[in-house]
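Trainee: I would like a close look at the cavities here. Please take me through them step by step.

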2 protein chains.
Amino acid sequence: MVKNMDQLHNRILLSPDQIPKNWLNIAPFLPSKPYPLLLPNGKPAPAEAMMRMFPVGCVMQAVSQEEFIPIPQEIREALAMNARPTPLHRAFRLEKALGLDSDKQKIYYKNESVSPTGSHKANTAIPQAYYAKQDKLKGLTTETGAGQWGAALSMAGGIYGLDIKVFQVRISYQQKPGRVVMISNYGASIVPSPSNMTASGRQFYDKDPNHPGSLGIAISEAVEMALSDPGYKYSLGSVVDFVCLHQTVIGQEAQIQLEMAGDKADVVIGCVGGGSNFAGIMFPFMKDKLTGKDPNVDIIAAEPMAAPKLSKGVYEWDFGDSAHQAPIVKMYTLGSSFIPAPVHAGGLRYHGAAPLVSLLQKHNKMRSVALHQRKIIESGILFSKTECILPAPESCHAIAVAIDEALAAKDKNEKKTILFNLSGHGHFDTAAYKAHMDGKLEDYEYPESEVQKALKDLPNINEKELGL
Amino acid sequence: MVKNMDQLHNRILLSPDQIPKNWLNIAPFLPSKPYPLLLPNGKPAPAEAMMRMFPVGCVMQAVSQEEFIPIPQEIREALAMNARPTPLHRAFRLEKALGLDSDKQKIYYKNESVSPTGSHKANTAIPQAYYAKQDKLKGLTTETGAGQWGAALSMAGGIYGLDIKVFQVRISYQQKPGRVVMISNYGASIVPSPSNMTASGRQFYDKDPNHPGSLGIAISEAVEMALSDPGYKYSLGSVVDFVCLHQTVIGQEAQIQLEMAGDKADVVIGCVGGGSNFAGIMFPFMKDKLTGKDPNVDIIAAEPMAAPKLSKGVYEWDFGDSAHQAPIVKMYTLGSSFIPAPVHAGGLRYHGAAPLVSLLQKHNKMRSVALHQRKIIESGILFSKTECILPAPESCHAIAVAIDEALAAKDKNEKKTILFNLSGHGHFDTAAYKAHMDGKLEDYEYPESEVQKALKDLPNINEKELGL
């Protein structure tokens, strides 16, 4: 199986039969028991409440302690249609541009940008739509910021004949007509949020029909609409356990592909917004670390300096959304009312990190790095130039850390094999590069005082009372 | 080798080793001798003039009568980096939406949209840059409209360390900042045309520094700059024979993939601007038709009603560009001064068709269909919804014809296997779909009187005097 890697074979490809047959559940391997979700009122969430909000199949997965959770064949077929398995690339030309010794420092990336919707998001959109269909729902509601998640869920809804209702933050709806088009083409309905379709929306819409909106308001609208109609449930694109689970196809494929290349990752890197693409690539490696099979693998989260929850946040109970409609979870957070600076990596502008990722960070099983915007975009430009792919600003965070790790190893003349997740392409996000070309790209310092202010609103949860 | 095609195996994938080792030269199989290029003054173009303008390796290919022209290994490696071989998809979900009997009417498409630059253009950009490097050039100049070609050549220039200078029609430069970003990221220089960098440009620029430009002016600027500096030559993205040759990797791969699927194309479809992606997919099938191996394969060009050169033009000698700097060729044309209506498929807004394609149409070895804009965008929306990929407006023409052919076969209860080329994605061209959403998408009737006016300017070529 081991291939001679060369310029002709810089991509390791798998056949559709090699789409994983199971999702990898990290739960049985965690160094301590994971915390439950709480309702917005601070009480433990009964299973029925979760099943009213999310598809039953997803809720069941979130409470499973099985190592492997089978992926239904219909989901594997839909993943195949969405370009899975994705290629693993050896970044030969990037390595050369960095002056690495290619026998010693190697860079690989898993290319999730080949999905027709442009990112890893389809990996969970498809199962969520599939289980919604099993629940005999009419449809799903969701929110989207820049639109990557909205596009993926709309595509998946099209596959299973579901009505998808997307609330998009109005400012993004206006600035990114490309993704609005994509979502509409998939047959979903998309409305700018705040809208006049929900009570949560009307609070803002009635005062200002052109209100720019926020992810917090859009989540509230989507949840409200789902709970008000028994034909609908709510769908989330990151953060929660079952989303991280669905993304593990990424890391499982990458492990097989690295083995085919005759290699083994010393470092695994992903960018973190809610944490799902990062969880997706690293959980299979984390399992090997936690079980002692590969105790030294170095796992790194790449975050924007504008929203560095893992690097600078606190590990506390907090609301999942700013409007306090979504569950409360224990996670690294900057406070649910914290509004990150308008960095171009819109997908990383979230105040918290997935509970499972947060728990692993708390136990020092991984580390995190916060990066400035100019640096990551410059890394993305070097990547475009050498690897030919225009990366999403989110993915540029992972690229920047991979480059830093490789150069550090080169300086020390160390052997190091680096793997990062290229979570998506930047075809709809070229404004970030344009700003750099025009000398208008800003760096934002970590806003310490604003985070301190936001952290004052943490909910008051008594773990002992809850028996935790 | 024959696969059971099912939802999991809806894509037929090849390994990088299966990138063709040769380009297929259609010249030895043509039903009559092809016509030479003439200089803009109507005289036969001496080889030296051609070699001053284009890389020597490309000029040599254009005069070859060998059936197979070897593809250098370095070019195959660069094609591999650009996602070759591309997948062949069976359009199961589109077939189902059309109510086809999937044992009888089958639709396949070759997916060139997976290239990092977004289209088939890299297939010729890479060899042109490679042969420019062999000529020890500093760089290449070119023009681009919407930017697909400019992006591909810039990417290829980056691979071979060439300086690429792109003149982009100013109106597109202003309207499509996404492709400007992509071209700049690849390290090329891009200027809006008309510019003040050439005499051809200054004629217009000095009167109006914000002149919207045209492809004709941009070609003149690129040719002038190439001829004024011995370190540079000129690069073209379509029309000429060697470009059609380079694109034959598409059809060669498709034939192998269809065979793997246990199938055989009855109909082969591509959209036509200059004609290179169409030539690329159909030449291998055309060879089989011309040699009697497969005499009945039906080969169809899909054109916009706004520029239907093959359907409604004349087969005459004409200038390749509106500024009369480029060679004169014998082709189907609407007249070099004809300006097509502003359809969204910018890549199809060219007045002529490749001489090799034109010759085959003249001999009735293929046919052509002209389509209205609303119809093709509606076909593209159905394709998005079913196959999940957002197609370029150019490619939507091929989709529309494929759908029509399939439905006609269904009506007659006929067996028919249809293959079309999906030449590129529409991530940078969403304005066309937005216009449809907003009810603002226009159809343009064939402008008969304007074509008649433009045809009055055909050059006066005496074939007998030239010994043709």
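Mentor: What follows covers the cavities, then the cysteines and one loop residue.

This is a predicted model. The structure holds five cavities of 30 Å³ or more. Start with the largest cavity. Its volume is about 650 Å³. The lining counts 36 residues. Nearest the centre lie A:A83, A:P87, A:V114, B:A83 and B:V114. By class, this lining has 20 nonpolar, 14 polar and two charged residues.

Now the second largest cavity. Its volume is about 70 Å³. Here 14 residues form the lining, with B:P304, B:V343, B:H372, B:Q373 and B:H397 nearest the centre. In this lining, ten residues are nonpolar, four are polar and none is charged. Two helices of chain B, helix 16 (373–387) and helix 17 (393–411), each supply at least two lining residues. Helix 16 of chain B gives the most, with three.

Next, the cysteines. A search over all chains finds zero disulfides. Take A:C388. The closest cysteine sulfur, in A:C396, is 15 Å from its own, so the two are too far apart for a bond. A:C388 is buried, at 1% relative accessible area. In chain B, the sulfur of B:C388 is 15 Å from the closest one, in B:C396, again too far for a bond. B:C388 is buried too, at 0%.

Last, the loop residue. B:G145 sits between strand 6 (139–144) and helix 6 (148–160) of chain B. Leaving out residues up to four places away in sequence, B:G145 touches B:Q168, B:V169, B:S172 and B:L215. B:L227 is 82 residues from B:G145 in sequence and 21 Å away in space, C-alpha to C-alpha.

Terms used:
Residues are numbered from 1 along each chain as its sequence is written. Chains are lettered from A and ligands numbered from 1 in the order in which they are written. This is a predicted model: local features need pLDDT of at least 70, side-chain atom pairs count only at pLDDT 80 or more; totals for chains, interfaces and linings use all residues. Side-chain values use heavy atoms; hydrogens and water are left out. Helices (H or I, at least four residues) and strands (E, at least two) are DSSP runs, numbered from the N terminus. Contact means heavy atoms within 4.5 Å. A disulfide is a pair of cysteine sulfur atoms within 2.5 Å. Buried means under 20% relative accessible area, exposed over 50%, partly exposed in between (1.4 Å probe, protein chains only). On a 1 Å grid over the protein atoms alone, a cavity is a set of points where a 1.4 Å probe fits but cannot get out, and a pocket is an open set with protein on both sides within 12 Å along at least five of seven lines; lining residues have an atom within 4 Å of a point. Grid points are joined across faces, edges and corners, and a volume is the space filled by probe spheres set on the points. Ala, Val, Leu, Ile, Met, Phe, Trp, Tyr, Cys and Pro count as nonpolar, Asp, Glu, Lys and Arg as charged, and the others, Gly among them, as polar.
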